[in-house]
Amino acid sequence: MTSTVILLCTATLLCAVVLCIGVWGLLSERKLPGWWRVSWFATTLIGLVSWLLLVSRAQPVLFPETSPCHPVAGYGSRLFPPDSYCVHDDGSQRSVNGPTPQVIFWICFLNSTLLFLLGLNHAVVRLWRCGRSRYGSWRANRPAPTDV
């Protein structure tokens, strides 16, 4: 139990560090066009809202009479890929989300992920060059080959 908690905390911390480095690389790189940053912010926001709508569509919390799962036995949701479904009396699960919100989610997810990876690439290259300029190249510390 303790080793599992430590492993999960370490993985979460590593993901948070990688996320921060990628966002830093995306936002601080002057060579990238400004509309890429705006596109990343917009698609991330739209993707989060569409994920929330896809996951919570079948939940009869506020208005149970208008829920798509009102006359059936139960409901459920899947976090990734996001979907909500009704559980019928015979045990079958039928999705309540159409294809359009799912396509919007996947387009936003892919766009924000690709732009994030581009920012992560720029950040890693910048950190690599900064380290090489500060500490020198690994080849500079090697002795020159001698001719025999």
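The points below go through a predicted model, from its overall layout to single residues.

1. Overall layout. The chain holds 3 helices and 3 strands, and, when it is followed along the sequence, these elements come in the pattern α-α-β-β-β-α. Of its 148 residues, 24% count as buried. Among the contacts in the chain with a separation of 6 or more, 50% are accounted for by residues 24 or more positions apart.

2. Helix α1. This helix covers residues 2-28, which makes 27 residues, and the distance from its first C-alpha to its last is 38 Å, close to the 39 Å expected at 1.5 Å a residue. The buried residues in α1 are Gly 22, Val 23, Gly 25 and Leu 26, and two of these, Val 23 and Leu 26, return in the core described in point 4.

3. Helix α2. The 23 residues of α2 should span 33 Å at 1.5 Å a residue, and because its end C-alpha atoms are 33 Å apart, the expected and the computed value agree. Buried residues in α2 include Arg 37, Ser 39, Trp 40 and Thr 43, and further along the helix Gly 47, Ser 50, Leu 54 and Val 55.

4. The largest nonpolar core. Six residues make it up, namely Val 23, Leu 26, Leu 32, Trp 40, Leu 115 and Phe 116. Helices α1 and α3, the latter running over residues 99-135, each supply at least two residues of this core. As a general background, nonpolar side chains in soluble globular proteins tend to be buried together. Within this core, Phe 116 deserves a look of its own: leaving aside residues up to four places away in sequence, Phe 116 touches Val 18, Leu 19, Gly 22, Val 23 and Trp 40.

5. The largest pocket. About 280 Å³ of space lies in this pocket. Its lining consists of 13 residues, and those that lie nearest the centre are Thr 44, Leu 48, Phe 109, Ser 112 and Thr 113. Helix α2, which covers residues 34-56, and helix α3 each supply at least two residues of the lining. By character, the lining divides into 8 nonpolar and 5 polar residues, with no charged residue among them.

6. Thr 113. This residue, one of those nearest the centre of the largest pocket, has its place in helix α3. Thr 113 counts as partly exposed, because its relative accessibility is 28%, a value in between the limits of 20% and 50%. Thr 113 and Thr 43 are 70 residues apart along the chain, while their C-alpha atoms are separated by 9.5 Å.

7. Ser 39. Is this residue of helix α2 buried or exposed? Ser 39 is buried, because its relative accessible area is 19% and the cut-off for buried is under 20%. When residues up to four places away in sequence are not counted, Ser 39 touches Asn 111 and Leu 115, and Leu 115 is also one of the residues of the largest nonpolar core.

8. Val 87. This residue lies in strand β2, which is made of residues 83-87. With a relative accessibility of 24%, Val 87 counts as partly exposed. Val 87 and Gly 76 are 11 residues apart in sequence, and from C-alpha to C-alpha the two are 7.1 Å apart in space.

Definitions and conventions. Residues are numbered from 1 along each chain as its sequence is written. This is a predicted model: local features need pLDDT of at least 70, side-chain atom pairs count only at pLDDT 80 or more; totals for chains, interfaces and linings use all residues. Side-chain values use heavy atoms; hydrogens and water are left out. Helices (H or I, at least four residues) and strands (E, at least two) are DSSP runs, numbered from the N terminus. The expected span of a helix is 1.5 Å times one less than its number of residues. Buried means under 20% relative accessible area, exposed over 50%, partly exposed in between (1.4 Å probe, protein chains only). A nonpolar core is a set of buried Ala, Val, Leu, Ile, Met, Phe, Trp, Tyr and Cys residues joined through side-chain atoms within 4.5 Å. Contact means heavy atoms within 4.5 Å. On a 1 Å grid over the protein atoms alone, a cavity is a set of points where a 1.4 Å probe fits but cannot get out, and a pocket is an open set with protein on both sides within 12 Å along at least five of seven lines; lining residues have an atom within 4 Å of a point. Grid points are joined across faces, edges and corners, and a volume is the space filled by probe spheres set on the points. Ala, Val, Leu, Ile, Met, Phe, Trp, Tyr, Cys and Pro count as nonpolar, Asp, Glu, Lys and Arg as charged, and the others, Gly among them, as polar.
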